[in-house]
Amino acid sequence: MQVDAVVLDVDGVLVDVADSYRRAVVESVDRVYGETISRAEIQRFKDAGGFNNDWEVTDAAALFVLASREADVADLAAFTDAIAERGGGLDAAKAVLRELLDPAAADWVFDAWDRDRLREVFQTLYLGSELYRELEDGEPAFDAPGYIHDEPVIVEDGTLATLTERYDVGVVTGRPAAEADIALDRVGLDLPGEHRFTMDDWEEGKPHPAALVTLAERFDAERIAFVGDTLDDVETAVNADETDDRVYYGVGVLTGGLSGEDGRRKFAGVGASAVVESVNDLPDLLE
């Protein structure tokens, strides 16, 4: 796996978000609707595909909670499997719910589904009161310290030093730009703006290959490794490899929601070129 450039995801690769983004998903739904899913169940949405944006994970989890108050919708695994069969993502979740519920029940669920409120609560929990006022230009839903401050760094200084010395390095993340800045500052990865893509920089999101292909063009690289913690990350590299003349490798890491042999099997199932325990194993893999 000889590469010219390395592109990194942020969440679950550079920083651990189990007690920040994923905690905010669970607690946002609970605060708004009085019940929620577990942190472990978030991974079912991630594995279904199309949920790189954690606001949309929150929205889908809320839909399930509301729908589960109807007798016909109580199995999260069946719900997320049906989403995956429809191609993943929030639109698929809405379509599945319409199929599962009678029209009156579905209308009730969608009337009760308040995406604006969910996002407001999510951002309050995640950013905390002070950062919310700064980044969201408004008042938070309540006073909160901010889970963004509870994101342990995964990547080691030596790993970043080795990667940036040997290769062109970029980032493709589903975070908003301001939140990406915070994480990259925390880990000590200083990149020019043209070497990263955030939620604010492209419409399609993963696993669409546009951002990855654009970075390859900017680096003038022929062989690119994309490192991520979700199946969508690996599928982004697979899609890029299928649509572009360059060679793309999808590398899965086991420091996000996927772990152990089950994680390795799932990564392999979507075409991962390699799976490593953490991003800190990447220099040895590429060497």
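A residue here is called buried when its relative accessible area is under 20%, exposed when that area is over 50%, and partly exposed in between (1.4 Å probe, protein chains only). These views come from a predicted model, where local features need pLDDT of at least 70, side-chain atom pairs count only at pLDDT 80 or more, and totals for chains, interfaces and linings use all residues. Residues are numbered from 1 along each chain as its sequence is written, and side-chain values use heavy atoms, with hydrogens and water left out.

**View 1. Arg69 and Glu35 hold hands across two loops.** Let's start with a salt bridge, meaning a side-chain nitrogen of Lys or Arg within 4 Å of a carboxyl oxygen of Asp or Glu. In this one, the closest N and O atoms of Arg69 and Glu35 are 2.9 Å apart. Arg69 sits in the loop between helix H3 (54-67) and helix H4 (76-85), while Glu35 sits in the loop between helix H1 (21-33) and helix H2 (39-48), so the pair ties together parts that are 34 residues apart in sequence. Helices (H or I, at least four residues) and strands (E, at least two) are DSSP runs, numbered from the N terminus. Glu35 is partly exposed at 33% relative accessible area, and Arg69 is partly exposed too, at 39%. Across the whole structure, a search turns up 24 salt bridges.

**View 2. Arg117 and Glu120 pair up within helix H7.** What separates these two? They are three residues apart in helix H7 (residues 115-136), which means about one helical turn lies between them. Their closest N and O atoms are 2.8 Å apart. Arg117 is partly exposed, at 34% relative accessibility, and Glu120 is partly exposed at 26%.

**View 3. Glu287 reaches Arg166.** Here the closest N and O atoms are 3.2 Å apart. Glu287 belongs to the segment after helix H13 (282-286) and Arg166 to helix H8 (residues 157-166), so this salt bridge links parts that are 121 residues apart in sequence. Glu287 is exposed, with 63% relative accessibility, whereas Arg166 is partly exposed, with 39%. Elsewhere, Asp11, Glu151, Arg175 and Arg186 are joined into one network by salt bridges that share partners.

**View 4. Strand S1 sits between S2 and S4 in its pairings.** Strands count as paired if DSSP finds at least two bridges between them. S1 (residues 5-8) runs parallel to S2 (residues 168-172), with four bridges joining them, and parallel to S4 (residues 223-228), again with four bridges. Follow Val6: Val169 stands opposite it in S2, and Ala225 is its bridge partner in S4. Is S1 buried or exposed on its two faces? Both are covered, with Ala5 and Val7 buried on one side and Val6 and Leu8 buried on the other.

**View 5. Strand S2 also pairs with S3.** Two bridges join S2 to S3 (residues 196-197), and these strands run parallel. Val171 in S2 faces Leu8, and Val171 also stands opposite Arg196 in S3. S2 is mostly covered, as four of its five residues are buried.
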